[in-house]
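Grab a pencil and work through these exercises with the structure open beside you. Try each task before you read its solution.

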Amino acid sequence: MQGRFITFEGGEGVGKSTQIRRAAAWLEAAGVEVVLTREPGGTPRAEQLRRILLERTDEPMPQSCELLLMFAARASHLANLIEPAVARGAWVLCDRFTDATYAYQGGGRGVPTAAIDALVRIVHPQRQPDLTVLLDAPIAIGMARARVRNGTDGPDRFESERAEFFERVRQGYLQRAAQESARFRVVDASGELEHVAAAIRAALQPMLVTRSPSR
Ligand code: Z5A
């Protein structure tokens with residue numbers, strides 16, 4: 001089978017992790033080899049970098065440090081997990097990828113798009129997702145869901161940001177989706193879990209129909 005690289009994106013607590021697991025189970029039931037992964041993270045080294053990126057410490061993290069660590073984790077993830085899996089014909093479902101950098105570091109923090117473009121040219125000039133599912137909902141919904149999920153665990157470094165930050169992130173994602181509309185499917189994530197899952201299956205279905213055996 002032809003390998004695929006499918007990314008799931010969206011703001012804080014919107015339901016990506018929940019929905020990506022459901023999508024994986026649905027594709028596996030259809031006979032697809034699925035590799036489920038996430039960013040930042042996905043391999044031992046990239047997970048170490050994730051811990052550094054998310055932990056709250058007294059040492060402020062400069063924007064450039066955050067940006068470069070995201071791409072350092074991504075480089076390791078691509079080389080050691082994503083590329084080999086796609087090459088052997090698996091469908092890689094990834095919870096966040098470079099669109100998150102454009103939305104969070106670009107839209108949220110104000111890093112110039114040209115700087116992110118430059119790192120894309122270094123780290124994955126040839127690799128783009130085949131499909132990106134953007135789960136979109138008003139930020140109040142995602143933040144409320146994240147609060148319920150976190151329970152007594154405190155927020156991580158990103159979750160501690162203010163509402164205006166997440167609004168800029170949301171707009172950053174919607175702008176990316178408008179610019180690259182052939183690759184994106186924007187799914188309204190504000191509804192019930194099963195409703196959202198059905199919309200995601202509808203977005204994936206055409207790829208399942210057109211998948212071709214590899215030689
Ligand atoms: N980040 C970045 O800045 N730049 C980058 O390049 C990358 C990442 C790759 C970690 O990501 C942080 O890294 C992230 C951006 C930054 N920070 N933030 N914010 P993450 O993906 O691990 O963190 P996250 O955004 O907080 O996502 P999450 O914790 O994985 O949330 P989620 O996956 O979108 O939601 P969930 O865990 O599936 O669902 C949350 C709760 O809502 C849970 O209890 C569900 O049962 C419930 N839920 C889900 N769907 C529904 C519906 N439809 N109705 C009701 N309840 C629901």
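Below are five exercises, each with a worked solution.

A word on the ground rules: this is a predicted model, in which local features need pLDDT of at least 70 and side-chain atom pairs count only at pLDDT 80 or more, while totals for chains, interfaces and linings use all residues. Residues are numbered from 1 along each chain as its sequence is written, and side-chain values use heavy atoms, with hydrogens and water left out.

**Exercise 1: a strand and its partners**

Task: Find out whether strand 1 is buried or exposed, and which strands pair with it.

Solution:

Step 1. Get the terms straight. Strands (E, at least two residues) and helices (H or I, at least four) are DSSP runs, numbered from the N terminus. Buried means under 20% relative accessible area, exposed means over 50%, and partly exposed is in between, using a 1.4 Å probe and protein chains only.

Step 2. Go through residues 4-10. Seven of the seven residues of strand 1 are buried, so the strand is largely enclosed by the rest of the structure.

Step 3. Sort the residues by direction. In a regular strand the side chains alternate between the two faces of the sheet. Here Arg4, Ile6, Phe8 and Gly10 point one way, and Phe5, Thr7 and Glu9 point the other way.

Step 4. Look for partners; two strands pair if DSSP finds at least two bridges between them. Strand 3 (residues 91-95) runs parallel to strand 1 and is joined to it by five bridges, with Val92 standing opposite Phe5. Strand 4 (residues 131-136) also pairs with strand 1 in the parallel sense, over five bridges, and there Glu9 faces Leu134.

**Exercise 2: the ligand and its surroundings**

Task: Work out how many residues surround the ligand and which are the closest.

Solution:

Step 1. Count the shell, where a residue is near if one of its heavy atoms lies within 4 Å. You should get 27 residues, and the closest are Lys16, Ser17, Thr18, Arg96 and Arg149.

Step 2. Check where the ligand is. The ligand sits in the largest pocket. A pocket is found on a 1 Å grid over the protein atoms alone: it's an open set of points where a 1.4 Å probe fits, with protein on both sides within 12 Å along at least five of seven lines. To sit in one, a molecule needs more than half of its atoms within 2 Å of the grid points.

Step 3. See which elements build the shell. Those giving two or more residues are helix 1 (16-29), helix 2 (44-54), helix 3 (63-87), helix 4 (98-108) and helix 6 (139-150). Helix 4 gives the largest share, four residues.

Step 4. Zoom in on some atoms. A polar side-chain atom of Ser17 is 2.6 Å from a ligand oxygen atom. A backbone N or O atom of Val14 lies 3.1 Å from an oxygen atom of the ligand, and a polar backbone atom of Leu193 is 3.3 Å from a ligand nitrogen atom. Taken alone, the ligand exposes 1,000 Å², and the protein buries 86% of that (Shrake-Rupley method, 1.4 Å probe).

**Exercise 3: two polar contacts**

Task: Find which side chains make polar contacts with Arg157 and Glu167.

Solution:

Step 1. Recall the cut-off. A polar contact is a pair of N or O atoms within 3.5 Å; within protein, one must be able to donate a hydrogen and the other to accept it, and residues adjacent in sequence count only if both atoms are side-chain atoms.

Step 2. Start with Arg157, in the loop between helix 6 and helix 7 (163-179). Arg157 has 18% relative accessibility, so it counts as buried. Its side chain joins that of Glu66 in a polar contact of 2.8 Å.

Step 3. Move on to Glu167, in helix 7. Glu167 is partly exposed, at 29% relative accessible area. Its side chain has a polar contact of 2.9 Å with that of Gln171.

**Exercise 4: backbone details**

Task: Which peptide bond is cis, and what is the phi of Arg96?

Solution:

Step 1. Look at the bond from Glu39 to Pro40: it's cis, with omega near -10 degrees. Pro40 is in the loop between strand 2 (34-38) and helix 2.

Step 2. Now take Arg96, in the loop between strand 3 and helix 4. Phi of Arg96 is near 80 degrees, a positive value in a residue other than glycine. Arg96 is buried, at 16% relative accessible area.

**Exercise 5: sequence versus space**

Task: How far apart in space are the C-alpha atoms of Leu53 and Ala73?

Solution:

Step 1. Place Leu53 in helix 2. Leu53 is buried, with a relative accessible area of 0%.

Step 2. Compare the two separations: Leu53 and Ala73 are 20 residues apart in sequence, and their C-alpha atoms are 10.0 Å apart.

Note on methods. 1 Å grid on protein atoms, 1.4 Å probe; cavity = no way out; pocket = protein on both sides within 12 Å on 5 of 7 lines; lining within 4 Å.
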